[in-house]
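Student: Could you take one part of this model, the aromatic side chains and what surrounds them, and go through it closely? I would like the packing and the charged groups treated together, with the cut-offs stated.

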Amino acid sequence: MIKSGKGGGNTRTGLVFEGKTDLSTFLTQQPNYEVVDNDVLYNGKKVAEVYKKHKFYNIFLKKLNIDWKQHISKQLLPDDSIFVLLNNILFIIECKHQEVAGSVDEKLQTCDFKKKQYKKLMAPANIDVEYIYLLDEWFRNEKYKDVLDYIQSVGCDYYFEYIPLNRLGLPVPPELIED
């Protein structure tokens, strides 16, 4: 893992970017994890819930008895989201893949607004929100330095290629930890 172009880590313990990243699929491939419906189980114990796009509204918000129209004017559809029970945080994960310059460049600058919208939605349930971009190699280009700095300056985050399980507050299977 390389975050902000610095540091390193064990890519076996993170959500790997594969163009069409799917958090549920990734988690089910990890030792001791399984996803049943939207529940994430680690060693048989529920640790989180995952929701993509419309399921965020149709299942998660409905279960919390939150009518999104009472809080925001337009739905935002997360690429992926995970509500981690252990820390009471909803992580919104947006995957951005790019091969040529285009509109994704500007979309990266909307994280502050979107995070605030999700915070409005989660306020009635007293759930905190974190907003994370999962970026591919395209965004390592120096021309994105200002945008990447901005993302962090407004309290959002980004990772290249993968997000570590521990960043989400999820247990890391012992067999994946390297010395």
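Tutor: What follows goes from the aromatic rings to their neighbours, then to a helix and to the charged pairs.

The model is predicted, so local features need pLDDT of at least 70 and side-chain atom pairs count only at pLDDT 80 or more, while totals for chains, interfaces and linings use all residues. Residues are numbered from 1 along each chain as its sequence is written, and side-chain values use heavy atoms, with hydrogens and water left out.

A search of the whole structure finds eleven aromatic pairs, where rings of Phe, Tyr and Trp (for Trp the six-membered ring) pair if their centres lie within 6.5 Å, and planes under 30 degrees apart count as stacked, over 60 as edge-to-face and the rest as tilted. F60 and F83 make one tilted pair, with 5.6 Å from centre to centre and 45° between the planes. Because F60 belongs to helix α2 and F83 to strand β5, the pair ties together parts that are 23 residues apart in sequence; helices here are DSSP runs of H or I of at least four residues, strands are runs of E of at least two, and both are numbered from the N terminus. F60 and F83 are both buried, a word that stands for under 20% relative accessible area, whereas exposed stands for over 50% and partly exposed for anything in between, with a 1.4 Å probe and protein chains only. F139 and Y144 supply an edge-to-face pair, at 5.0 Å centre to centre and 65° between the planes, and their relative accessible areas are 0% for F139 and 3% for Y144, so each of them counts as buried.

F60 and F83 also belong to one aromatic cluster, which is made up of Y51, F56, Y57, F60, W68, F83, Y118, Y131 and Y133. Among the residues that meet this cluster is L121 of helix α4, which is buried at a relative accessible area of 1%. Leaving aside neighbours within four places in sequence, L121 is in contact (heavy atoms within 4.5 Å) with F56, Y57, L61, I66, W68, H71 and I72. L121 and I66 are 55 residues apart in sequence, yet 7.4 Å separates them in space, C-alpha to C-alpha.

A charged residue meets the cluster as well: E94, in strand β6 (residues 89-96), touches Y118, Y131 and Y133 among others, not counting residues up to four places away in sequence. E94 is buried yet has no salt bridge, and the nearest side chain of opposite charge, K96, is 4.2 Å away. A salt bridge here requires a side-chain nitrogen of Lys or Arg within 4 Å of a carboxyl oxygen of Asp or Glu; Lys and Arg count as positive and Asp and Glu as negative, while His and the chain ends are not counted. The side chain of E94 does reach the backbone nitrogen of D79, at 3.4 Å.

Helix α4 (111-122) also receives the buried residues of α5, which pack against β7 (128-135) and β8 (157-160) too. In α5 (residues 145-153) the buried residues include V147, L148 and I151, and they line one face of the helix because they fall within an arc of 100° seen down its axis, the arc being that of the directions from the helix axis to the C-beta atoms. D146 and S153, on the other side of α5, are exposed.

Twelve salt bridges are counted. Within α4, D112 pairs with K116 at 3.2 Å between the closest N and O atoms, and the two residues, four apart, are separated by about one helical turn; D112 is buried at 18%, whereas K116 is partly exposed at 48%. R167 pairs with E130 at 2.7 Å, a link between the segment after β9 (162-164) and strand β7 that spans 37 residues. R167 is partly exposed, at 22% relative accessibility. Elsewhere, salt bridges that share partners join D39, K46, E49 and K63 into one network.

Methods. Polar contact = N/O pair within 3.5 Å; in protein donor to acceptor, adjacent residues only side chain to side chain.
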